[in-house]
Amino acid sequence: MCKRVSLVVGVVGALAVLASTASATTVRTVSSPVVAHTSPRYVSFAVDLDQITGGMFWSQAPHATGNAPVAPYDFTRPRLRALARALAPAYLRISGTAANKTFYDLGSPPLTTPPGVYQRILTKTEWDHVGTFADALGLQIVLGINAGPGPRDTSFNWTPDNARALLSYTAARRFPLAAVEFGNEPNLFALSGMPAGYTAADYVRDLRTFDELRRSVVPNVPLLGPGSYYNNAGSETPYGVPLGPLASQIMPAAPGVYDLLAFHEYPATSTRCHIGTPVPTDPLDPAYLDGVIRAFNRVAALGTADDPGREIWYTEAGSASCGGQQGYSNRFEATFWYLNALGALAQRGLQVLIRQTLSGSDYGLIDDATLTPNPDYWAALLWHRLMGTAILRPAVRSAPARLRIYAACARAGGGTTLLALNLDPHAGHTFTIGDGARSLDVYRVTAPALLGRQALLNGHSLRTASSGAPPALTPLRITGSAVSLPPASYAFIVEPGAGPAACRR
């Protein structure tokens with residue numbers, strides 16, 4: 001990523017009426033239609049199987065390439081639990097590239113070496129930690145099942161025995177399993193060691209075998225997929241050539257097999273991987289931020305062909321793949337990609353967005369070493385607390401290109417919540433809420449440095465208690481209808497009692 005000059009926004013500027021570009025922007029929600037509904041678990045997160053098993057995960061060493069060994073993930077850390085609990089209810093996805101390499105070992109003592117061509121071992125103790133963590137915190141598990149080269153017979157047909165053991169144990173322990181996936185990113189199966197000759201027809205054959213297992217062991221748990229990886233251009237072949245079966249091949253060959261549709265998208269690729277598209281010099285460019293819509297539209301179009309009513313989930317999301325871009329993905333600037341994805345896709349009917357990861361490498365919501373929230377964590381928490389599940393399309397007039405405004409019925413207490421993003425790093429913007437509101441609760445978020453890791457809420461630094469518990473998120477109550485946003489800032493604005501009748505009921 002090219003070097004950029006950091007932007008400084010002062011505390012006084014964050015609270016005052018700021019000089020802004022001349023604008024007659026107005027926003028109204030009183031007649032806004034409810035255009036979609038999200039899941040109450042819309043803001044969700046993942047822990048990679050490589051993290052859980054103590055495998056190889058994306059290195060955070062300065063200028064690192066590739067990955068490095070990590071210790072098995074510690075789900076018992078009190079600060080981690082406090083931070084994750086604040087985002088509940090949510091889905092906890094357990095998958096990643098390692099899903100296609102992992103043997104499930106429920107014996108005692110556990111194996112010390114993976115059998116056959118498996119590369120990882122998930123032990124009973126490690127899976128128990130996942131299940132008890134989810135159960136204690138009000139999370140539900142989304143599990144990616146190994147569809148890689150390990151569980152295969154001599155004809156290379158997928159065999160269900162190892163998956164049956166894990167699913168049967170999960171059901172017996174009553175762990176909160178919400179959905180299952182067959183493999184991780186089938187369009188990139190070559191990266192998991194699958195042979196080049198493994199076709200979409202082969203995948204569909206194996207998928208049906210897995211679906212029979214699912215129906216017999218966990219019949220009430222839906223099948224989620226295909227989960228293809230898309231780039232910012234909306235392409236299923238992000239590296240120029242197919243590296244496995246494509247969703248555009250799988251879904252027509254298996255109509256209706258998926259209960260829920262899923263996709264992955266990263267707008268950029270970390271320099272750790274030396275492939276794909278790097279983070280651009282202007283990652284606040286609206287056209288760049290909207291790339292995720294192309295991937296969503298591709299999946300929606302595939303779903304419409306045989307069952308337009310199925311939910312769509314974005315099951316692996318982050319500002320850059322391969323662990324996130326160092327110096328960007330855990331900085332304030334990346335939050336605008338995250339919030340724009342949440343807002344734009346909610347309007348289009350997305351049900352769930354699962355962030356990669358809860359903690360770990362540079363794209364984590366939380367720094368795994370210090371358990372300090374990264375800037376995106378605060379964005380997730382504010383959305384979770386303030387935006388309800390009924391999504392609105394506000395009437396916005398005369399908005400500049402770099403001002404984005406999304407809306408929902410408020411999470412609690414009636415009224416509406418607006419999310420405003422000022423994507424302009426050089427100029428502030430002011431807009432008027434034209435619903436006749438006498439007072440507004442404003443949660444304005446700025447940063448001392450655009451490429452810094454600190455976020456300020458109404459001028460005050462966001463910090464957790466020593467226990468990890470997030471602070472009270474206190475709004476600035478303003479009288480009137482004008483809201484000002486400093487350069488490169490965002491705000492959630494609650495209009496108590498305002499908005500369409502659907503929000504006031």
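**View 1. Arg355 of the predicted model is buried, with a relative accessible area of 0%.** The structure shown here and in the following views is a predicted model. Arg355 forms a salt bridge with Asp376, the N to O distance being 2.8 Å. The two residues belong to distant parts of the chain: Arg355 to strand 14 (residues 352–356) and Asp376 to helix 11 (residues 375–386), 21 residues apart. Asp376 is likewise buried, at a relative accessible area of 1%; values under 20% define this class.

**View 2. A salt bridge joins Glu181 to Arg93.** The closest N and O atoms of the pair are 2.9 Å apart. Because Glu181 lies in strand 10 and Arg93 in strand 6 (residues 90–95), the salt bridge ties together parts that are 88 residues apart in sequence. Glu181 has a relative accessibility of 2% and therefore counts as buried. Arg93 is also buried, with a relative accessible area of 1%.

**View 3. Arg402 and Asp282 meet through their side chains in a salt bridge.** The N to O distance is 2.6 Å. Arg402 is placed in the loop between strand 16 (395–397) and strand 17 (403–410), and Asp282 in the loop between strand 12 and helix 8 (286–289); the pair thus links distant parts of the chain, 120 residues apart. Arg402 is partly exposed, at 21% relative accessible area. Asp282 falls into the partly exposed class as well, at 27%.

**View 4. Eight strands close into a parallel barrel.** The order of the strands around the barrel is 3-6-9-10-11-12-13-14. From one strand to the next, the twist averages 25°. Within the barrel, strand 12 (residues 260–265) and strand 13 (residues 312–317) run parallel and are joined by 5 bridges. His264 has Glu316, in strand 13, as its bridge partner.

**View 5. Helix 6 (residues 200–217) lies across three strands: strand 9 (139–145), strand 10 (177–182) and strand 11 (223–230).** The helix runs at about 155° to strand 10.

**View 6. Helix 9 (residues 291–304) and helix 10 (residues 335–347) cross at roughly 35°.** Their axes come within 10 Å of each other, and the crossing is right-handed. Helix 9 contributes Val292, Ile293 and Phe296 to the contact, while helix 10 contributes Ala341, Ala344 and Leu345. By class, this contact comprises 6 nonpolar residues, with no polar and no charged residues.

**View 7. Leu243 is located in the loop between strand 11 and helix 7 (247–253).** With a relative accessibility of 22%, Leu243 counts as partly exposed. Leaving aside residues up to four places away in sequence, Leu243 touches Pro186, Asn187, Leu188, Phe189, Ala190 and Leu191. By contrast, a distance of 27 Å separates the C-alpha atom of Leu243 from that of Arg310, a residue 67 positions apart from Leu243 along the chain.

Notes. Residues are numbered from 1 along each chain as its sequence is written. This is a predicted model: local features need pLDDT of at least 70, side-chain atom pairs count only at pLDDT 80 or more; totals for chains, interfaces and linings use all residues. Side-chain values use heavy atoms; hydrogens and water are left out. Axes are lines fitted to C-alpha atoms, for helices over the stretch in contact, and angles run from 0 to 180 degrees between N-to-C directions. Helices (H or I, at least four residues) and strands (E, at least two) are DSSP runs, numbered from the N terminus. A crossing is left-handed if the near helix is turned anticlockwise from the far one by less than a right angle, and right-handed if clockwise. Contact means heavy atoms within 4.5 Å. Ala, Val, Leu, Ile, Met, Phe, Trp, Tyr, Cys and Pro count as nonpolar, Asp, Glu, Lys and Arg as charged, and the others, Gly among them, as polar. Two strands pair if DSSP finds at least two bridges between them. A salt bridge is a side-chain nitrogen of Lys or Arg within 4 Å of a carboxyl oxygen of Asp or Glu. Buried means under 20% relative accessible area, exposed over 50%, partly exposed in between (1.4 Å probe, protein chains only).
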